[in-house]
Amino acid sequence: QLQLVESGGGLVQPGGSLRLSCVASGLNPNYPAVGWFRQAPGKEREGVACISSPGVYTDYADSAKNRFTISRDNAKDTVYLEMNSLKPDDTAIYYCPASKWRLCPPNLNSSDYFNSWGPGTQVTVSS
């Protein structure tokens, strides 16, 4: 079972940027696909982005396209989510789950595809 820990969340003003990190001990050498999900109060968990192994293929939710970038550094067992032009609607707890498969799921919202989850990191976008 992988151990994942997210960090980098915080309070940021609209239009600002944050970089989330996900350290996944045990990620190497299996290099599974890793996603970023988020859940806002009163809303369902939604897929934000996914990166395959070895990081050639990425997928984004429409809400994240052209604003968020997912990347991975396999040597550091770390996956990143660079978030720019943040909006109040981006406020949520962000999670980085790992799959047992190398490819991202056809449906980015398929949370069942991922079997290892971290505790999450809070992102709040507010003025």
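**Strands, disulfides and cores in a predicted model**

Strand E4 (residues 34-39) and strand E5 run antiparallel and are joined by five bridges. This is a predicted model, and the pairing around E5 is a handy place to start reading it. Valine 34 has isoleucine 51 in E5 as its bridge partner. The hairpin of E4 and E5 leaves six residues between the strands, and in it glycine 42 adopts a positive phi near 75°. E5 also pairs with strand E6 (residues 58-60), again antiparallel, through three bridges. Here alanine 49 sits opposite tyrosine 60 of E6. E5 (residues 46-51) is mostly covered, with five of its six residues buried.

Elsewhere, four strands make up an open sheet with antiparallel pairing, in the order E1-E3-E8-E7. Its edges are strand E1 (3-7) and strand E7 (68-73), each of which pairs on one side only. On average, neighbouring strands of this sheet are turned by 15° against each other, ignoring direction. At the E7 edge, six bridges tie E7 to strand E8 (residues 78-83), and the two run antiparallel. Within this pairing arginine 72 faces valine 79 of E8.

Now for the cysteines. The structure has two disulfides, and counting bonded cysteines along the chain gives the pattern 1-3, 2-4. One of them joins cysteine 22 to cysteine 96, with the sulfur atoms 1.9 Å apart. The torsion about this S-S bond, between cysteine 22 and cysteine 96, is about 70°, so the disulfide is right-handed. The bond connects distant parts of the chain: cysteine 22 belongs to strand E3 (residues 18-25), while cysteine 96 lies in the loop between strand E9 (92-95) and strand E10 (98-99), 74 residues apart. Cysteine 22 and cysteine 96 are both buried.

The other disulfide is formed by cysteine 50 and cysteine 104, whose sulfur atoms are 2.1 Å apart. For cysteine 50 and cysteine 104 the torsion about the S-S bond is about -95°, so this disulfide is left-handed. It too links distant parts of the chain, with cysteine 50 in strand E5 and cysteine 104 in the loop between E10 and strand E11 (114-116), 54 residues apart. Cysteine 50 has a relative accessible area of 0% and is buried. Cysteine 104, at 11% relative accessibility, also counts as buried, because the cut-off is under 20%.

Turning to the interior, the largest nonpolar core contains 27 residues, and those with the most contacts inside it are Trp36, Val48, Phe68, Ile70, Leu81, Met83 and Tyr94. At least two residues of this core come from each of E3, E4, E5, E7, E8, E9 and strand E12 (121-125). E3 gives the most, with four residues. Leaving aside residues up to four places away in sequence, tyrosine 94 touches a long list of partners, among them Trp36, Val48, Phe68, Leu81, Met83 and Val123. The contacts of tyrosine 94 also include Glu6, Arg38, Gly120 and Thr121. A second, separate core has seven residues, including Cys50, Cys104, Leu108 and Phe114. The left-handed disulfide of cysteine 50 and cysteine 104 thus has both of its cysteines in this second core.

The aromatic side chains round off the picture, with a count of four aromatic pairs. In one of these, the rings of phenylalanine 37 and phenylalanine 114 have centres 5.4 Å apart and planes at 75°, so the pair is edge-to-face. Phenylalanine 37 in strand E4 and phenylalanine 114 in strand E11 come from distant parts of the chain, 77 residues apart. Phenylalanine 37 counts as buried at 1% relative accessibility, and phenylalanine 114 counts as buried at 3%.

Tyrosine 95 and tryptophan 117 make another edge-to-face pair, because their planes stand at 70°, with ring centres 6.2 Å apart. This pair also links distant parts of the chain, 22 residues apart: tyrosine 95 is in strand E9, and tryptophan 117 is in the loop between E11 and E12. Tyrosine 95, at 12% relative accessibility, counts as buried, whereas tryptophan 117 counts as partly exposed at 28%. Phe37, Tyr95, Tyr113, Phe114 and Trp117 form one aromatic cluster.

Key:
Residues numbered from 1 in each chain as written. Predicted model: local features only at pLDDT ≥ 70, side-chain atom pairs only at ≥ 80, totals over all residues. Heavy atoms only, no water. Buried < 20%, exposed > 50% of the residue type's maximum accessible area, 1.4 Å probe, protein only. Pairing = 2+ DSSP bridges. Axes fitted to C-alpha atoms, helices over the stretch in contact; angles between N-to-C directions. Disulfide = S-S within 2.5 Å. Core = buried A, V, L, I, M, F, W, Y, C linked by side-chain atoms within 4.5 Å. Contact = heavy atoms within 4.5 Å. Phe/Tyr/Trp six-rings, centres within 6.5 Å; stacked < 30°, edge-to-face > 60°.
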